[in-house]
Amino acid sequence: MNPTTIAQWLQSSALGDYISASAWVFPTIESIHVIAIVTVVGSIAIMDLRLLGWAFRDRAVTELSRDMLRWTWAAFALAAITGLLLFISRAESYIINPYFQWKMALLTLAGLNMLFFHLSTWRTVANWDSTAAIPVSARAAGGLSLAFWIFVVFCGRVVGFTLGVYV
Amino acid sequence: MPSFIEVLLYLGEWIRNSPVPELSLWIGDQPLSLWMGANFLAIPILQSLHILAIAAAFVSALMINLRILGIGGEGQSLGRTVTRYLPWTWAALGMLTITGLGLVIAEPVREMMNPMFWIKLALVVGLIVLGIVFQIAARRNEGSWATADGGALPMRAGAAAIIVLWCGIIFAGRWIAYAPV
């Protein structure tokens, strides 16, 4: 089973067929995908700006994290489900699109950055929760996260213009 | 009762009989519009900035409204929540106006001849009016919600309405690409 075979199978499945055959199903799922993505990116950006020390300094890092995280994850789940449905409808075109590939790579990098941050830097958060001196590792995590997500949005948007170009 | 498609077609007819077609063609002939049309990445970059500004405006408004609904930002006053997020909402709305104008200049016919574009604009005006009225009402009742878990029922209804209107605007924005012109 190589990726192309899986993509072909997904695209020709009943669900893939249903999404691509209808005039309104794809745009509706896509609209929900946009609502989910702006919620993910917006809530993550608030944390990133806080970690960089650029904004929201009146709220402790742990409190702001608690304010955001449940919405970030709920919206991420919605974005993943709707994204998968969009993918299924034209899997063969998505999988070979370089902007789609970059988007997935950047999502992975954003995930690894977050994982590393939570396993290492986050352990000392009590020391800099409400202070002005945020460690470099936390600032770096915030800056990288912000950059990764901005390019996730950009690559996702370009996919809309280039889908089918590389077939 | 006309269907939504019929409303769109009727609006489209009305747009075609207005000065909009001529204006959109004129904008399309301007150097900035021609330049953006000739550069493949200009529109996706502007759209990405537009989406990032939506993320900032939507989530900062969402955090305030979730606080009013009593399901977010627990343990702090609504006043502090508003002070923290509201400037971001308005700044992002400024950015949305600039990038939105840029997108109209880049593709004036696609946007201005599209009934969905005007529906979206009407919803945006509605959101801004509702938002301002809501802010004034909220300030007037500041004492009653400053420390409570959430707002009174009319406040909660207003907060929910603003979130729903935002989602409607995002829907309408995405559907500009699909509406029959």
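**Helix packing in chains A and B**

Along its sequence, chain A of this predicted model follows the pattern α-α-α-α-α-α-α-α. The chain has eight helices and zero strands. Its C-alpha trace spans about 55 × 30 × 25 Å along the principal axes. Of the 167 residues of chain A, 48% count as buried. Among contacts in chain A with a sequence separation of 6 or more, 76% are between residues 24 or more positions apart.

Packing within chain A was examined for the pair H3(A) and H8(A). Two packed helices are described by the angle between their axes and the distance between the axes. Helix H3 (residues 25-52) of chain A and helix H8 (residues 136-162) of chain A cross at roughly 160 degrees, and their axes come within 8 Å. An angle over 145 degrees counts as roughly antiparallel, and H3(A) is therefore roughly antiparallel to H8(A). The crossing of the two helices is left-handed. On the H3(A) side, the contact is made by Glu30(A), Ile37(A), Val40(A), Val41(A), Ile44(A), Ala45(A), Asp48(A), Leu49(A), Leu51(A) and Leu52(A). The residues contributed by H8(A) are Ala138(A), Arg139(A), Gly142(A), Gly143(A), Ser145(A), Leu146(A), Trp149(A), Val153(A) and Arg157(A). By class, the residues of this contact divide into 12 nonpolar, three polar and four charged.

Two individual residues of chain A were also considered. Phe56(A) is found in the loop between H3 and helix H4 (61-89) of chain A. Its phi is near 60 degrees, a positive value in a residue other than glycine. Phe56(A) has a relative accessible area of 7% and is buried, the cut-off for this class being under 20%. Ser65(A) lies in helix H4 of chain A. With a relative accessibility of 6%, Ser65(A) likewise counts as buried. When residues up to four places away in sequence are not counted, Ser65(A) touches Met47(A) and Trp122(A).

In chain B, burial was analysed for helix H2 (residues 20-28), in which Val20(B), Pro21(B), Ser24(B) and Ile27(B) are buried. Viewed down the axis of H2(B), these buried residues fall within an arc of 125 degrees, so they line one face of the helix. An α-helix has 3.6 residues a turn, so residues three or four places apart point the same way. Glu22(B), Leu25(B) and Trp26(B), on the other side of H2(B), are exposed. The elements that cover the buried residues of H2(B) include helix H1 (4-16), helix H3 (31-38), helix H5 (78-106), helix H6 (108-112) and helix H7 (115-140) of chain B.

One of these covering elements, H5(B), also packs against helix H4 (residues 42-69) of chain B, at an angle of about 155 degrees and with the axes 8 Å apart. H4(B) and H5(B) are therefore roughly antiparallel to each other. Their crossing is left-handed. The contact of H4(B) with H5(B) comprises 21 nonpolar, eight polar and one charged residues.

Key
Residues numbered from 1 in each chain as written. Chains lettered and ligands numbered in written order. Predicted model: local features only at pLDDT ≥ 70, side-chain atom pairs only at ≥ 80, totals over all residues. Heavy atoms only, no water. Buried < 20%, exposed > 50% of the residue type's maximum accessible area, 1.4 Å probe, protein only. Helix = DSSP H or I, 4+ residues; strand = E, 2+ residues; numbered from the N terminus. Arc of directions from axis to C-beta. Contact = heavy atoms within 4.5 Å. Axes fitted to C-alpha atoms, helices over the stretch in contact; angles between N-to-C directions. Parallel < 35°, antiparallel > 145°, perpendicular 65-115°, else oblique. Left-handed = near helix turned anticlockwise from the far one by under 90°. Nonpolar A, V, L, I, M, F, W, Y, C, P; charged D, E, K, R; others polar.
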